[in-house]
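Thanks for coming. I will take a few minutes to walk through one structure, so please have the sequence and the picture open.

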Amino acid sequence: METPQYVAARIQRALAEDERTNELGIRVDVRGDQVFLRGQVSCEERRHGIEDVAREAAPGLTVHNEIRLMEVRDPGEEEHL
């Protein structure tokens, strides 16, 4: 049986190396048979792509996609405080 750290590292490596994602900024936590993906991305397609790659890298585990979408503003748009 693989340790949670090994499973998390395998998923993170898959996210970094898969041409669909090439993602380094997602945190992967594994607890038992549950995988939690956390971080921020710029669009919904990217969010789903990361989840797909994680599911392929961890078959048989339940993946919880807690990745948030970050707000992307057009350059030059004023920031109101």
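Let me start with one residue: is Thr21 buried or exposed? Thr21 is buried, because its relative accessible area is 3%, and anything under 20% counts as buried. Keep in mind that this is a predicted model. Thr21 sits in the loop between helix 1 and strand 1. Apart from neighbours within four places in sequence, Thr21 is in contact with Ala14, Leu15, Arg46, Gly49, Ile50 and Val53. We will meet some of those names again.

Now the overall layout. The protein has two helices and three strands. Reading from the N terminus, the order is α-β-β-α-β. Along the principal axes, the C-alpha atoms fill a box of roughly 50 × 25 × 15 Å. Of the 81 residues, 32% are buried. The exposed area is about 5700 Å², and carbon and sulfur atoms supply 48% of that. If we take contacts with a separation of 6 or more, 53% of them join residues 24 or more positions apart. On charge, there are 11 positive and 18 negative side chains. The centres of those two sets lie 6 Å apart.

Next, helix 1, and what comes before it. Glu2 lies in the segment before helix 1. Glu2 is partly exposed, with a relative accessible area of 39%. Outside its neighbours within four places in sequence, Glu2 is in contact with Val7 and Arg10.

Helix 1 itself covers residues 4-17. With 14 residues at 1.5 Å a residue, helix 1 should span 20 Å, and its end C-alpha atoms are indeed 20 Å apart. Which residues of helix 1 are buried? They are Val7, Ala8, Arg10, Ile11 and Leu15. These residues cover an arc of only 160° around the axis, so they are on the same side of helix 1. On the other side of helix 1, Gln5 and Glu17 are exposed. As for partners, the buried residues of helix 1 pack against strand 1, at 27-31, strand 2, at 34-41, and helix 2, at 44-57.

Back to the loop for a moment. Asn22, like Thr21, is in the loop between helix 1 and strand 1. What is the sign of phi at Asn22? The phi of Asn22 is positive, at about 40°, although Asn22 is not a glycine. For background, most residues other than glycine have a negative phi.

On to helix 2. This helix has 14 residues, which at 1.5 Å a residue should span 20 Å, and its end C-alpha atoms are 20 Å apart, in agreement. The buried residues of helix 2 are Arg47, Ile50, Glu51, Val53, Ala54 and Ala57. They cover an arc of only 165° around the axis, which puts them on the same side of helix 2. What do the buried residues of helix 2 pack against? They pack against helix 1, strand 2 and strand 3. Ile50 and Val53, two of these buried residues, are also among the contacts of Thr21.

Two other residues of helix 2 are worth a look. Glu44 lies in helix 2 and is partly exposed, with a relative accessible area of 33%. Glu44 and Pro59 are 15 residues apart in sequence, and their C-alpha atoms are 22 Å apart in space. Arg46 is also in helix 2, and Arg46 is partly exposed at 25% relative accessible area. Leaving out residues up to four places away in sequence, Arg46 touches Arg20, Thr21, Asn22, Glu23 and Val41. Both of the loop residues I discussed, Thr21 and Asn22, are in that list. Between Arg46 and Gln5, 41 residues apart along the chain, the C-alpha separation is 24 Å.

Last, a residue in strand 3. That strand runs over residues 62-69 and includes His64. How exposed is His64? His64 is partly exposed, with a relative accessible area of 27%. Not counting residues up to four places away in sequence, His64 touches Gln34, Val35, Phe36 and Leu37. The C-alpha atoms of His64 and Glu51 are separated by 8.2 Å, with the two residues 13 apart along the chain. Glu51 is one of the buried residues of helix 2.

That is where I will stop.

Key: Residues numbered from 1 in each chain as written. Predicted model: local features only at pLDDT ≥ 70, side-chain atom pairs only at ≥ 80, totals over all residues. Heavy atoms only, no water. Helix = DSSP H or I, 4+ residues; strand = E, 2+ residues; numbered from the N terminus. Buried < 20%, exposed > 50% of the residue type's maximum accessible area, 1.4 Å probe, protein only. Contact = heavy atoms within 4.5 Å. Areas by Shrake-Rupley, 256 points an atom, 1.4 Å probe, with all protein chains shown as cover. Lys, Arg positive; Asp, Glu negative; His and termini not counted. Charge placed at Lys NZ, Arg CZ, Asp CG, Glu CD. Expected span 1.5 Å × (residues − 1). Arc of directions from axis to C-beta.
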